[in-house]
Amino acid sequence: MTVQLTIPRPDDWHLHLRDGAMLQAVLPETARDFARAIIMPNLVPPVVKGADAAAYRDRILAALPEGMTFEPLMTLYLTEDTDPEDLAAAHASGLVKAVKLYPAGATTNSASGVRDFDKVRPVLDKMAEIGLPLCTHGEVTDHDIDIFDREAVFIDRVLDPIRRSTPGLRVVMEHITTKNAVDYVASQDKDLGATITTHHLIINRNHILVGGIKPHYYCLPVAKREEHRLALRAAATSGDRRYFLGTDSAPHTDPNKLSECGCAGCFTAPNTMPLLAHVFEEENALDKLAGFASENGPAFYRLPVNSESLTLEKQATPVAFPQKIETQDGPVTVFDPGFDVFWKVA
C-alpha cells in the first residue's frame, strides 16, 4: 500500500554548486526538489564582493535547465579584507542573504578564510547592525587539536566569544556534528540557528573506517561517534525551530575523491528528501519533516515558506537511486546510505 506525505517545497540552507561544467551537471539535481538554496562562496577565487556574488548568481541562473524554477540565495566569503560597506550594499539590494566564515584551512577552498578574528570585528558589527546572518564552518584548525574535537573547541574558543562580543549578530552553526553543538544551541534563546546535513544523520565515523576506508563518506566536519549522530537525529526530529536542513551537498569527481589526498564532501542532492523521510520515519517523526526541511529555515532567514509543495511516496520495493552522475569533468558518486530506501519523490 502506497503512503504519501506532502510538505511545502523544501529549501537547502547549505549547498555547494561549484562552477563551470560541474555547476551545469549538479544544479538540476538540487532544483528538481528544492525551491531555494544558500549557495556557498568557496570558489577559486572566492566570492568576496557584491559584484562577485551577482556574477555567480547570473552563472547559476544561466545553467538552470528550461522549465525548472530555483532561486539561488547568495553569500559572501568573509576575509580579513572584507569591506563592511560593500557587504551592506549587497545585502540592502536583496542579493546577499548571509556571509560565510571559514577559518583558514578548515575545508575545501578555505585558504582565504579568517586567521585573526579581531580583524573582522568591524564586519561582524555591521552585520549585527543590519541583521545579516553569519554562517560558520565551526572548526578550529590548530594542528594540536584532534580532528574529532575541532567543532567542540571552535564553540568554546571562537563562536561563543564572537557572539558575546557582538550582541545581535545572527548566527547559523552550519553542518553541526556533535552533541556539544546540540547542547550549545539548547543553551541559547535567540539569534542562533543550526543546520544539519543528511549524511550526518546516517553515518558515524565507523562507517568511514571500519572494514576499509570509504572515501565517499569522508566529509568535513568529519562524522563523529555514534552518540553524536544520535544527538543530531534527536535534534533534527524534535520540532525545535532552531534546526533546519543544510545538506552541505559537495560534489567532487571520483578521481578527486579517490586520490591519495582525497577531497572532503558527500554528494547528497539527488536523494536527500527520500533519505530524510526514511530517517524521520525511523524516529516516528514524519510529522516534523516539514518543519525541518521546509519551514524552520525560512523562519530564521525571514523569508516566506514556499507556496509550492513536494510529495514523498513510500512504496513496497526499494528505490533505485543513481549511483553516479556524469559531468564533463568526470563522474560524481551519489551518497549511498548503505541500506534500502523505500521513499521517493512522487
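**Reading a predicted model: a helix end, a sheet and two packings**

Tutor: Start just after helix 4, where G131 has a positive phi of about 80°. Bear in mind that this is a predicted model.

Student: How do I read the helix before that glycine? Which residues in helix 4 are buried?

Tutor: The general idea first: an α-helix has 3.6 residues a turn, so residues three or four places apart point the same way. In this case helix 4 covers residues 121–130, and its buried residues are V123, L124, K126, M127 and A128.

Student: What do the buried residues of helix 4 pack against?

Tutor: They pack against two helices and two strands: helix 3 (84–92) and helix 5 (150–165), together with strand 5 (96–101) and strand 6 (134–137).

Student: Now the sheet. What is its strand order?

Tutor: The order is 2-3-4-5-6-7-8-9, in an open sheet of 8 strands with parallel pairing. At the edges are strand 2 (12–15) and strand 9 (243–245), each of which pairs on one side only. On average, neighbouring strands of this sheet are turned by 30° against each other, direction ignored.

Student: How should I look at the side chains, and what happens at the two edges?

Tutor: In a regular strand the side chains alternate between the two faces of the sheet. At one edge, strand 2 and strand 3 run parallel and are joined by 2 bridges, with D12 opposite A37 in strand 3. The chain passes from strand 2 through helix 1 to strand 3, a right-handed β-α-β crossover. At the other edge, strand 9 pairs in the parallel sense with strand 8 (residues 192–196) over 3 bridges. There, I196 stands opposite L245 in strand 9.

Student: Which strands does helix 11 touch?

Tutor: Helix 11 (residues 289–301) packs on the sheet and touches strands 2, 3, 5, 6, 7, 8 and 9. The direction of helix 11 makes about 115° with that of strand 9.

Student: And a packing of helix on helix? How do helix 1 and helix 2 cross?

Tutor: Two packed helices are described by the angle between their axes and the distance between the axes. Here the axes of helix 1 (residues 20–31) and helix 2 (residues 50–63) come within 9 Å and cross at roughly 65°. The crossing is right-handed.

Student: Which residues make the contact of helix 1 and helix 2?

Tutor: Helix 1 contributes L23, Q24 and L27, and helix 2 contributes R59, I60 and A63. By class, the contact residues divide into 4 nonpolar, 1 polar and 1 charged.

Conventions:
Residues are numbered from 1 along each chain as its sequence is written. This is a predicted model: local features need pLDDT of at least 70, side-chain atom pairs count only at pLDDT 80 or more; totals for chains, interfaces and linings use all residues. Side-chain values use heavy atoms; hydrogens and water are left out. Buried means under 20% relative accessible area, exposed over 50%, partly exposed in between (1.4 Å probe, protein chains only). Helices (H or I, at least four residues) and strands (E, at least two) are DSSP runs, numbered from the N terminus. Contact means heavy atoms within 4.5 Å. Two strands pair if DSSP finds at least two bridges between them. Axes are lines fitted to C-alpha atoms, for helices over the stretch in contact, and angles run from 0 to 180 degrees between N-to-C directions. A crossing is left-handed if the near helix is turned anticlockwise from the far one by less than a right angle, and right-handed if clockwise. Ala, Val, Leu, Ile, Met, Phe, Trp, Tyr, Cys and Pro count as nonpolar, Asp, Glu, Lys and Arg as charged, and the others, Gly among them, as polar. A crossover is right-handed if, with the strands pointing away from the viewer, the path from the first strand over the helix to the second runs clockwise.
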